[in-house]
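I opened a fresh notebook page for this one and looked things up chain by chain. Here is what I jotted down along the way.

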Amino acid sequence: MEQLSTRQAALKPKDYKSDNKPVWCPGCGDFSVLSAFTKAMSAMTLDPERVAVISGIGCSSRIPAYLNVYGFHAVHGRALPVAIGLKITRPDLTVLVAGGDGDGFSIGGNHFLQACRRNVDITYVVMDNQVYGMTKGQASPTTAPDWMRSKLTPHGTRINPFYPLVIALASGANFIARASSNDPNGTARVIAEAVEHPGFSFVQVLSPCVTFRPEQRDWKKIVRPAPVAPTADPAVAARRLMTDDNFFIGTLFKGGRAPFESGFAPRAEVAGELERSFGLTA
Amino acid sequence: MKTITTRVEFLAHALAIEEEAAERYAVFADQMQVTNNPEVATLFREMARLEDEHARRIEEMSGDKPLPRIDPWAFDFGDAEPPEAVDYTATHYLMTPYQALGLVLNAEQRAAEFFQRIADGDGEADMRRLAAEFADEEREHVERVRRWRGKYPPPEPHWDEDPDPPNELE
């Protein structure tokens with residue numbers, strides 16, 4: 001039992017929410033993930049002024065607007081480079097990145113690989129609904145090849161889906177987990193663990209799109225906790241992924257790589273030169 | 001996992017249950033307001049207010065004694081979700097008051113069962129007495145919500161069909 005007397009101890013999850021009302025469809029899994037973000041921040045007693053949530057474009061990327069912490073709604077697929085730049089220049093901040101499967105694995109797919117490799121100490125939460133929801137329901141990189149409901153892919157995509165956990169592991173992410181929006185408290189726990197683990201942490205959250213993939217409401221009947229503890233051995237994690245059906249939830253991998261640090265002191269004179277060249281200062 | 005054996009642990013759980021219910025109903029009220037379903041929005045807003053009142057009453061019961069700080073995932077609800085929380089995926093922009101009150105009714109029933117389980121279990125006698133009072137109160141809510149729902153007709157068949165949907169698969 002921990003008694004805290006600081007201001008942060010008094011902050012409840014709802015204190016991390018902004019006054020903006022989400023415009024997601026009623027029933028969307030992203031409401032639960034928003035709740036999980038606020039619960040994790042409250043449980044970690046994070047000071048809102050020391051947290052930044054960066055996003056790309058898409059339904060789930062609206063999250064920064066709904067949080068009462070610093071936020072940046074970046075260009076499509078480019079949330080990770082923005083977040084990495086921020087963390088390297090301001091290592092004192094807790095930096096989280098939020099987005100969807102299209103933003104993160106297609107438009108920003110290469111940034112995802114490089115972010116895993118670089119292993120900067122940030123946490124990337126991808127709300128995966130296997131569809132582009134904001135643009136009204138096209139197949140995304142994680143869509144099954146036989147999903148035929150979109151007019152753009154009437155015969156299905158007929159190409160292999162992207163397996164985010166496999167790619168993250170192969171690329172060097174230091175923390176890899178999967179959660180389900182059907183369990184906001186469990187998702188909050190995984191996000192808190194991911195933030196606390198050094199290096200690049202990746203969390204895939206299965207978050208149904210009830211409008212364009214209504215069958216995903218049944219995910220809650222399929223997801224179940226992985227019956228194994230997290231491993232620090234990439235080979236063991238890889239073997240586990242060989243038998244993963246994408247519905248096991250929990251933390252798969254907690255690696256021991258040291259996070260990337262730039263090793264350079266901030267060079268204010270360079271910033272000054274840039275500002276002068278852009279005519280921002282005399 | 002934090003077990004429930006003392007009065008303060010019980011009150012910490014009860015407070016979390018009521019606060020989560022209030023928060024969830026407030027989210028649903030906002031959803032219905034944003035999607036222009038004002039009747040159901042008003043209903044959920046009223047439920048949020050009532051649950052928030054319960055939460056404040058529980059805070060008063062704890063008096064000057066601070067309640068233990070428990071991480072959201074460490075409560076002993078017997079389930080991943082607090083018993084009175086309605087599933088985030090349960091709402092629909094065309095839902096009717098009857099359906100909304102059906103969700104509330106189920107939530108109140110789950111809360112009554114949870115408190116009764118504590119009342120029937122082990123632990124401090126004072127805590128079990130309090131849990132029995134809470135269970136009685138939740139059962140009273142169940143009856144009240146049932147009467148409230150009785151004022152509305154069940155939904156028509158095909159209630160979720162929208163001739164001009166805001167979102168259509170392209």
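Entry 1, a pair of residues. I began with Arg178(A), and found that its bridge partner in β8(A) is Gly250(A). I then looked at the two strands around this pair: β5 (residues 175-180) and β8 (residues 248-254) of chain A run antiparallel and are joined by four bridges. A reminder to myself: strands of a sheet pair through backbone hydrogen bonds, either parallel or antiparallel.

Entry 2, the whole sheet. I traced an open sheet of eight strands in chain A, with mixed pairing and the order β2-β1-β3-β4-β6-β5-β8-β7. I noted that β2 (70-73) and β7 (224-225) of chain A each have a single partner strand, so each stands at an edge with one side left without a neighbour in the sheet.

Entry 3, a helix on the sheet. Which strands does helix α4 of chain A lie across? I found β1 (51-55), β2, β3 (94-100) and β4 (123-128) of chain A under residues 79-89, the span of this helix, which runs at about 180° to β3(A).

Entry 4, confidence. This is a predicted model, so I checked pLDDT: chain A has a mean of 93, and 95% of its residues reach 70 or more. Residues 1-6 of chain A are below 50, although this stretch has nine contacts in the model beyond near neighbours in sequence. Where pLDDT is low, the predicted coordinates should not be read in detail.

Entry 5, chain B. Here I counted four helices and zero strands. Of its 170 residues, 44% are buried. Its C-alpha atoms fill a box of roughly 60 × 35 × 25 Å along the principal axes.

Methods:
Residues are numbered from 1 along each chain as its sequence is written. Chains are lettered from A and ligands numbered from 1 in the order in which they are written. This is a predicted model: local features need pLDDT of at least 70, side-chain atom pairs count only at pLDDT 80 or more; totals for chains, interfaces and linings use all residues. Two strands pair if DSSP finds at least two bridges between them. Two residues are in contact if their C-beta atoms, placed from the backbone, lie within 7 Å. Axes are lines fitted to C-alpha atoms, for helices over the stretch in contact, and angles run from 0 to 180 degrees between N-to-C directions. pLDDT is the predictor's confidence in each residue, from 0 to 100. A residue is buried if 20 or more other C-beta atoms lie within 10 Å of its own, exposed if 12 or fewer, and partly exposed in between; C-beta atoms are placed from the backbone.
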